[in-house]
Amino acid sequence: MGFGVVAAKADRTSIKNVDGTKVQLVTNNTIQHTLFLSADGESSFYAGTGKGTGTAGEARVAKAYISKGAKGLTINVPVKNLSDKDVSITEAFIFAGTKSAEAGSPVFEIGKSASNKEYVLTPKGLGLPTDSNVWDGDKSYGTDGLAFSKGPDGDYSFKPTDGSIADQQQVKAIGIWGTLKARQEFTLKIPVFIANTETVKDGAMYPLYVINYAGTPTSGGYLDVGTFSNDIKGSNVTVPVNTAITASLFKADPANATIYKITDSKGQAVTQDFASKNAGTYSVTLKADGYDDTTFTLTVTSNSGSTGSGTGAATTTPAATTTPATIVPSSSSSSSTTTTSSSSTSTPTTTPSVSTSAQPNVAVKGEAVYATKKIGLYKSTNFTKTNRITWYSKQKRTNRPMFVVTGYKRTSNGILRYKVRDVNHGRKTAGKTGYITASQKYVVPVYYASVPKSKKITVVAKKGANAYKSANLTGKAKHYKKGVRLTVKKLVKHNLTTRYQLTNGKYITANKKLIIAGSY
């Protein structure tokens with residue numbers, strides 16, 4: 001049996017990190033700082049934290065790729081005084097074309113886009129504090145200690161004409177001179193865009209550089225940045241057990257793609273050797289420099305097929321030859337079977353009974369779910385840029401975007417999507433409807449479905465949580481502040497939500513945005 005030709009990721013990334021960490025640099029144990037890129041709610045690794053070398057041979061260079069279509073591309077430079085004393089500093093960050101830049105690498109210019117006429121080269125426009133109790137800039141260099149250069153040579157004497165977009169786009173390095181007050185911090189945010197989108201070569205690296213002077217020694221580092229515009233192309237495959245699992249099985253383009261990770265049908269990571277020896281369905285993610293990671297379906301069968309041995313060849317077939325069964329979750333207590341047609345064949349469509357306890361990975365209609373990673377809301381089950389309504393960036397637990405499941409639909413490849421309504425009250429997206437991924441890697445139920453083994457929960461909501469006399473959360477009995485640990489007696493279902501009954505007999509919500517299982 002064959003599968004679809006290509007299975008690209010449902011939610012495409014804007015930033016693909018390759019090497020580095022998100023640990024900031026520190027100068028003389030006093031100034032903490034770094035440089036990183038952000039776009040569409042995602043962020044790159046921090047400059048100077050990689051394990052390898054950069055385009056010019058520098059050590060510890062972080063590396064990342066950005067999508068050519070990334071929105072809100074920003075260079076971020078956070079600076080923090082860790083000491084109890086005021087510290088005189090110089091912070092410089094360079095994004096000029098240098099000899100170490102590879103041919104065809106992205107060229108950054110300041111601004112939100114090539115056509116945007118907003119002038120940002122002011123303290124307010126770049127996020128530099130004007131409060132002297134936080135930052136006291138050395139005005140001999142420029143307004144609030146802000147200075148500009150047209151190149152990487154260290155000459156910060158360029159004075160752009162106020163309001164001139166032409167001058168703004170000539171700036172290739174920015175420096176600040178002044179005193180950062182004790183225990184104070186700020187983050188400079190420089191909007192940039194890729195000026196050479198027509199000629200940029202996917203994968204070619206471009207160095208961004210940051211350095212801090214706060215006595216001796218200084219600290220600084222590079223972030224090499226490349227672009228990608230394409231997914232890895234290839235085919236889903238079916239192979240018999242004992243077939244070596246390699247990227248070449250999927251007819252990957254580019255040919256130098258390698259396997260990044262393999263997960264089983266439950267989303268658990270497995271090794272290539274395990275997948276080879278155990279029949280089942282797996283998701284195999286391939287990676288390659290200059291391309292977005294792309295996931296394909298691998299089916300390993302116990303039948304050795306026509307090869308007659310345990311190392312048969314992979315088979316691929318066009319997506320149009322099969323129509324997968326459509327499993328539509330329902331909150332009803334009965335099951336029914338219908339038939340859908342595809343060409344001259346028919347495929348059974350099963351509508352099973354689904355409950356939170358029976359199938360914890362599928363939310364029932366009317367149940368609340370939230371996103372644990374960045375996801376998109378789309379007009380249809382076809383997750384494309386043109387169909388995208390909005391992005392939801394990855395948030396801290398208590399701020400995760402929440403939705404109510406109003407229906408279900410599968411893609412032509414049989415992938416389940418949730419039809420949802422945005423219930424993030426107070427946000428601009430509230431009330432919007434559309435489709436989101438149903439993958440448990442990205443979306444999970446808001447309410448707990450079991451009692452933790454430790455029988456302990458911790459209140460995590462900033463404003464705390466209330467305990468009530470009844471399971472419908474009426475009759476307020478007590479308020480618990482953030483950080484309070486409580487002991488649970490049992491889980492109680494209430495409509496499509498759950499509550500925990502405490503050992504004192506009172507009830508508290510089992511909403512994961514308000515409490516967390518365990519002691520923290």
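Two strands pair if DSSP finds at least two bridges between them. Strands (E, at least two residues) are DSSP runs numbered from the N terminus. The model described here is predicted, so local features need pLDDT of at least 70 and side-chain atom pairs count only at pLDDT 80 or more, while totals for chains, interfaces and linings use all residues. Residues are numbered from 1 along each chain as its sequence is written, and side-chain values use heavy atoms, with hydrogens and water left out.

**Strands β28, β29 and β30**

Strand β29 covers residues 416-422. Five of its seven residues are buried (under 20% relative accessible area, with a 1.4 Å probe and protein chains only). β29 pairs antiparallel with β30 over five bridges, and also runs antiparallel to β28 (residues 402-410), with seven bridges joining the two. The hairpin of β28 and β29 has five residues between the strands, and G414 there takes a positive phi near 85°.

After β30 (433-437) comes a loop that leads to β31 (443-445), and A438 lies in this loop. A438 is buried, with a relative accessible area of 10%. Its C-alpha atom is 9.1 Å from that of Y408, although 30 residues separate A438 and Y408 along the chain.

**An open sheet**

Five strands form an open sheet in the order β17-β22-β20-β18-β19, with mixed pairing. Its edge strands, β17 (237-240) and β19 (269-270), each pair on one side only. Within this sheet, β20 (residues 280-287) and β22 (residues 294-301) pair in the antiparallel sense over seven bridges.

**Facing residues**

| Residue | Opposite residue | Strand of the opposite residue |
|---|---|---|
| G280 | V300 | β22 |
| V405 | V420 | β29 |
| R417 | T437 | β30 |

Key
Helices (H or I, at least four residues) and strands (E, at least two) are DSSP runs, numbered from the N terminus. Buried means under 20% relative accessible area, exposed over 50%, partly exposed in between (1.4 Å probe, protein chains only).
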